[in-house]
Amino acid sequence: MKKKKLTLFSAIQPSGNLTIGNYISVLRYWKYLQKDYKCIFCIADLHSLTSFKKKKENLSIKKSILDTLALYLACGVDPNQSIVFIQSSVSEHSELNWVLSCYSSYQELTRMTQFKSKILDYRRHINSGLFNYPVLMASDILLYKTDKVHVGEDQKQHIELTRNIANKFNSIYGKIFKIPDILIYKSGARIMSLLDPKRKMSKSDKNVKSTIFLLEDPQDIFLKIKSSVTDSDLPPKIVFDMYKKPGISNLLIILSTLSGISLCELEKHFLGKSYFELKKEVYNIVEKNILKIQKKFFFYRNKKKLLYKIFSEGSYKASKIAKKTLAKIYKVLGLFKKYQ
Ligand code: AQP
């Protein structure tokens, strides 16, 4: 077997049903990445507490966590090759989060665009977890001596912040943290809402018609794609232009990433065709991908014992690495730690 030298970290928060955006930008790559990297795939349940609020919703986190793991497996993640674990099962994430929050700049955190857009959405109930979200993310990444962090475009700013925090800490205490590089696959790095193509497609969008979910009934997906926002150009023009034609461009990106056909070829193919024809082809490719994933998903989702076993083995392996890193950090800080 090839010796994997570099560590790659990636995570998804189980804050609801996973979307085609999660799949296109990150999840579909993991089965290939695990061949070349030592991969650590986390289910970021602590992050999802920033959006789960009622007691009833907290109970459904458990369901979301199991769904998320079954989706990881359905998309080809292999727990024998990669570490797959739940964030809350490795307490070092929360411990490092506190330490790093003391080395993070308040001003920099207020500049995070995800925080700024979330506070506009939440308005009344803005919890401080939302503000601290990127620091917990930095802790996730830095605990594992990560070389590469694989994310979609929306998380780029958080990775830059992670690098800043690590550099700041290192400038005081020496070379403690590895400075991670960011890995973003350009095409499909930001899938937009079907109803408002200037906004990112999100799990928690209040209007579910904006979002294609991986576990959704294909009939519902068809209706969503059919009613997705395009434009009123006459005659209709199917060309890629994110600024002038965001709705059409978003559909073209979904079609191109899932089919492997370049945007250029698609533009030629759709010359003189209607928007409905584009939507039909987008639906066909989404349905083809989603049905394959769903079939495997249900296979794994019914094997609860296996899912729990993966979690317990994953958190054991992750804890081993995390404990070592945290012990080193506590040592340079002059703190006492039970396992030092
Ligand atoms: N629309 C998207 N297009 C491309 N990539 C996306 N990602 C999320 N949405 C899109 C990428 O998926 C990974 C996991 O993201 P996440 O679900 O943990 O957090 P998020 O980015 O905050 O996603 P949501 O759907 O918007 O979550 P909610 O609604 O709960 O806040 C990340 O790498 C992300 O870039």
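Student: Why is Lys178 called partly exposed?
Tutor: Buried means under 20% relative accessible area and exposed over 50%, with partly exposed in between (1.4 Å probe, protein chains only). Lys178 has 39% relative accessibility, so Lys178 counts as partly exposed. This is a predicted model, in which local features need pLDDT of at least 70 and side-chain atom pairs count only at pLDDT 80 or more, while totals for chains, interfaces and linings use all residues. Residues are numbered from 1 along each chain as its sequence is written, and side-chain values use heavy atoms, with hydrogens and water left out.

Student: What makes Asp147 buried?
Tutor: Its relative accessible area is 12%, and the limit for buried is under 20%, so the term applies.

Student: How do you know that Lys178 and Asp147 form a salt bridge?
Tutor: The term requires a side-chain nitrogen of Lys or Arg within 4 Å of a carboxyl oxygen of Asp or Glu. The closest N and O atoms of Lys178 and Asp147 are 3.2 Å apart, so the pair qualifies. The two residues are 31 residues apart in the chain.

Student: Why is the pair Asp231 and Lys245 called a salt bridge?
Tutor: The N to O distance is 2.9 Å, which is within the limit of 4 Å, so the term fits. Asp231 is partly exposed at 25% relative accessibility, whereas Lys245 is buried at 5%.

Student: What makes the ligand's approach to Gln13 a polar contact?
Tutor: A polar contact is a pair of N or O atoms within 3.5 Å; within protein, one must be able to donate a hydrogen and the other to accept it, and residues adjacent in sequence count only if both atoms are side-chain atoms. A backbone N or O atom of Gln13 lies 2.8 Å from a ligand oxygen, so the pair meets the cut-off.

Key. Helices (H or I, at least four residues) and strands (E, at least two) are DSSP runs, numbered from the N terminus.
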